[in-house]
Amino acid sequence: MNIETLGEIHEIDHNWTVIAGPCAAESEEQIVQSSRMVAKSGAQVLRAGLWKPRTDPDSWQGAGEKALEWMKEAKRQTGIAITTEANSTSTIEATLKAEFDILWVGSRNSTYFPLLDEIGKQTSEKQVPVILKRGMGSELDEWLGAADYIRRHNPNVILCERGIKGFNKCTRNTLDLQTAKLAQIESGLPVIIDVSHAAGRRDLILPMALAVKAAGFNGLMIETHPKPDLAMTDSKQQISLENFENLMDKLKTIPNQI
Ligand code: PEP
Ligand code: MN
């Protein structure tokens, strides 16, 4: 597979973008294999976390800097755009140097203003868009205020709803499409939805993804892994590459509402 053939497969729709890939970059093989299937299924962007925010400091913290090369190799082989979470001055610098196409700020860091300021400044020079995940406890004005910190330097901000803390233990988080829609209306920014971290379980990914497209959002972020049961992080919510392909086919039946 080369870049030319993938170019034909991609149906680039600037109002609707699907970002997919593993929770964490684990090996070059896992990243390249994921990128091929994600691109073939019609997604435009490959995601993978290199520096993982983990609850337990003794748990695996991600592959780190060596995975920059794996992501670059995936991009070289398939032509797909690449994105990851940057969480510090040095990781912003490293990812921009490695020519990541989009950076994202994770939910836990999304109200850390010095980081928002720094990522806004550094990405504006290269005109790299920044995805701002919603803090899991952020109200609408806090989320939009955080976006403004980045927008003061770089207007190219994409908001991402990823579920908020709720009382219900049967899902990891509670998907709050209502506030996400208000964010889209009030900010005028594109809003994408990370259904994986909202649900925390595989069986809800497909129905929620269909709902997101029907509700007129600008895209999705979905975790998918070649062997989800063996994933080193977020195993329960990652879907197989085959199920991801099926999801992308089903999404085609939902007209883009934007
Ligand atoms: C992720 O996307 O891998 C992630 C850690 O997400 P969040 O910051 O939304 O928890
Ligand atoms: Mn994850």
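1. Glu99 comes after helix H4 and has a positive phi, near 60 degrees. This is a predicted model, and the phi value should be read as a property of that model. Most residues other than glycine have a negative phi.

2. Helix H4 itself spans residues 89-97, and its buried residues are Thr91, Ile92, Ala94, Thr95 and Leu96. These buried residues pack against two helices, H3 (67-78) and H5, and against two strands, E3 (81-85) and E4 (102-105). An α-helix has 3.6 residues a turn, so residues three or four places apart point the same way.

3. Gln127 is another non-glycine residue with a positive phi, near 55 degrees. Gln127 sits in the loop that runs between helix H5 (113-126) and strand E5 (130-133). Its relative accessibility is 65%, so Gln127 counts as exposed, the cut-off for that class being over 50%.

4. Asp234 also has a positive phi without being glycine, near 45 degrees. The loop between E8 and strand E9 (239-240) holds Asp234. With a relative accessibility of 22%, Asp234 is classed as partly exposed; buried would require a value under 20%.

5. Asp234 is also one of the donors to the manganese ion (ligand 2), through OD. The other donors are Cys23 through SG, His197 through NE2 and Glu223 through OE, and the distances run from 2.0 to 2.4 Å. Along the sequence, the donors follow the spacing C-x173-H-x25-E-x10-D. Of these, His197 in helix H8 (residues 195-199) and Glu223 in strand E8 (residues 219-225) are 26 residues apart, a pair linking distant parts of the chain. His197 and Glu223 are both buried.

6. Helix H2 (residues 28-40) packs with helix H10 (residues 241-251): the axes come within 9 Å and cross at roughly 15 degrees. H2 and H10 are therefore roughly parallel to each other, as angles under 35 degrees are put in that class. Their crossing is right-handed. On the H2 side the contact involves Gln33, Ser34, Met37, Val38 and Lys40, which meet Leu241, Glu242, Phe244 and Glu245 of H10. By class, the residues of this contact are 4 nonpolar, 2 polar and 3 charged.

7. H2 also packs with H3, at an angle of about 35 degrees and with the axes 9 Å apart. The crossing of H2 and H3 is likewise right-handed. H2 contributes Glu28, Ile31, Val32, Ser35, Arg36 and Ala39 to the contact, while H3 contributes Trp70, Met71, Glu73, Ala74, Gln77 and Thr78. The contact of H2 with H3 is made up of 6 nonpolar, 3 polar and 3 charged residues.

8. Val191 lies in strand E7 (residues 191-194). Val191 counts as buried because its relative accessibility is 0%. Beyond its neighbours within four places in sequence, Val191 is in contact with Leu159, Ala180, Ala183, Gln184, Phe217, Asn218 and Gly219. From Val191 to Trp16 the C-alpha to C-alpha distance is 9.8 Å, although 175 residues separate the two in sequence.

Note on methods: Residues are numbered from 1 along each chain as its sequence is written. Chains are lettered from A and ligands numbered from 1 in the order in which they are written. This is a predicted model: local features need pLDDT of at least 70, side-chain atom pairs count only at pLDDT 80 or more; totals for chains, interfaces and linings use all residues. Side-chain values use heavy atoms; hydrogens and water are left out. Axes are lines fitted to C-alpha atoms, for helices over the stretch in contact, and angles run from 0 to 180 degrees between N-to-C directions. Helices (H or I, at least four residues) and strands (E, at least two) are DSSP runs, numbered from the N terminus. Angles under 35 degrees count as roughly parallel, over 145 as roughly antiparallel, 65 to 115 as roughly perpendicular and the rest as oblique. A crossing is left-handed if the near helix is turned anticlockwise from the far one by less than a right angle, and right-handed if clockwise. Contact means heavy atoms within 4.5 Å. Ala, Val, Leu, Ile, Met, Phe, Trp, Tyr, Cys and Pro count as nonpolar, Asp, Glu, Lys and Arg as charged, and the others, Gly among them, as polar. Donors are N, O and S atoms within 2.8 Å of the metal (3.2 Å for Na, K and Ca); water is not among the atoms, so sites may look incomplete. Buried means under 20% relative accessible area, exposed over 50%, partly exposed in between (1.4 Å probe, protein chains only).
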